[in-house]
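Thanks for making time, everyone. Let me put the structure up, and then I'll walk you through a few spots in it.

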Amino acid sequence: MSSQTAVIDGYVAGTWTIDTVHSDVSFYVRHLGVSKVRGHFATFEGTIVTGEDPLDSSVNAVIKTASVSTNNETRDGHVRSADFLDVENFPEMTFVSTAIRPQTSELFAVEGELTLHGVTKTVVLTLELNGFGKGFDGNAVAGFSAATEISRGDFGVTGGAAGAAVSDKIKIALEIEAGLAQA
């Protein structure tokens with residue numbers, strides 16, 4: 001057991017499936033430089049493998065781009081269009097972790113490859129391990145919060161004519177609950 005594992009109360013090594021009912025994949029972007037427009041993706045899935053040593057853990061996730069919602073149908077249609085996500089040509093975005101390292105005693109950096117709009121770039125998520133426990137059915141559950149910021153331009157997402165009204169920087173926030181896969 002690593003010294004890092006010893007400080008994670010209740011740590012459980014294993015393969016976890018993201019519980020999409022109790023998880024959230026959200027983002028926000030500045031509009032006209034004065035307000036924040038928030039949105040989320042409703043359809044996603046993923047697997048988290050917690051290693052015996054937490055630094056040997058991994059994440060693999062898939063998000064369906066057409067499931068984007070900003071609570072405005074007109075805007076959602078535009079975000080799905082070729083100006084932004086181009087969901088017809090790029091129906092998924094994926095994240096595959098490549099390394100995990102401690103940032104502080106409570107935070108980890110999860111480095112990985114994000115593929116969006118047909119472009120793959122390395123991104124780093126700041127991860128907070130919220131804990132391990134038991135669900136109502138008695139099975140093991142784990143909670144994670146993560147955040148990062150990306151440049152939409154790095155992924156070829158220009159926004160077309162409306163692109164000037166929306167900031168290049170997009171903040172991403174993940175609230176994830178996962179259940180331990182049953183053997």
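**Strands, rings and two serines**

Start with W16, which stands opposite L180 in strand 11. A reminder before I go on: this is a predicted model.

That W16–L180 pairing belongs to a wider match. Strand 1 and strand 11, residues 166-180, run antiparallel to each other, with three bridges between them. Strand 1 has another partner in strand 4, residues 44-50. That pairing is antiparallel too, over four bridges. To find it on screen, look at T15, whose bridge partner in strand 4 is V49.

Now the rings. How many aromatic pairs does the structure hold? Three. I'll take two of them. A quick reminder on how to read them: a pair of aromatic rings is described by the distance of the centres and the angle of the planes.

First up, W16 again, this time with F132. Their ring centres are 5.6 Å apart, and the planes meet at 55°. That makes the pair tilted, because tilted covers planes that are neither under 30 degrees apart nor over 60. W16 sits in strand 1 and F132 in strand 9, residues 119-134, so this pair ties together parts 116 residues apart in sequence. Are these two buried or exposed? W16 is buried, at 0% relative accessibility. F132 is buried as well, at 17%.

Next, F27 and F41. This pair is also tilted, at 5.7 Å centre to centre and 45° between the planes. F27 belongs to strand 2 and F41 to strand 3, residues 35-41, so the parts tied together here are 14 residues apart in sequence. Both phenylalanines are buried.

Back to W16 and F132 for a moment. Together with Y11, they make up one aromatic cluster. One more ring to point out is Y28. R38 lies over the face of Y28, 4.9 Å from the ring centre.

Now for the serines. Where is S23? In the loop between strand 1, residues 14-18, and strand 2, residues 24-31. Although S23 is in a loop, it counts as buried, with 12% relative accessibility. The cut-off for buried is under 20%, so S23 qualifies.

What does the side chain of S23 reach? The backbone oxygen of D19, at 2.7 Å. A polar atom of that side chain also lies 2.9 Å from the backbone nitrogen of E177. Setting aside neighbours within four places in sequence, S23 is in contact with I18, F44, E175, I176 and E177. Take F44 from that list. S23 and F44 are 21 residues apart along the chain, and their C-alpha atoms are separated by 9.5 Å.

The other serine is S26, and this one is in strand 2. S26 is buried, with a relative accessible area of 17%. Its side chain makes a polar contact with the side chain of D24, at 2.2 Å. Beyond four places in sequence, S26 is in contact with G39, H40, K171, I172 and A173.

To recap. W16 stands opposite L180 and pairs with F132. S23 has polar partners in D19 and E177. S26 has one in D24. Over to you for questions.

Note on methods
Residues are numbered from 1 along each chain as its sequence is written. This is a predicted model: local features need pLDDT of at least 70, side-chain atom pairs count only at pLDDT 80 or more; totals for chains, interfaces and linings use all residues. Side-chain values use heavy atoms; hydrogens and water are left out. Buried means under 20% relative accessible area, exposed over 50%, partly exposed in between (1.4 Å probe, protein chains only). Contact means heavy atoms within 4.5 Å. A polar contact is a pair of N or O atoms within 3.5 Å; within protein, one must be able to donate a hydrogen and the other to accept it, and residues adjacent in sequence count only if both atoms are side-chain atoms. Rings of Phe, Tyr and Trp (its six-membered ring) pair if their centres lie within 6.5 Å; planes under 30 degrees apart count as stacked, over 60 as edge-to-face and the rest as tilted. A charge sits over a ring if NZ of Lys or CZ of Arg is within 6 Å of the ring centre and within 35 degrees of the ring normal. Two strands pair if DSSP finds at least two bridges between them.
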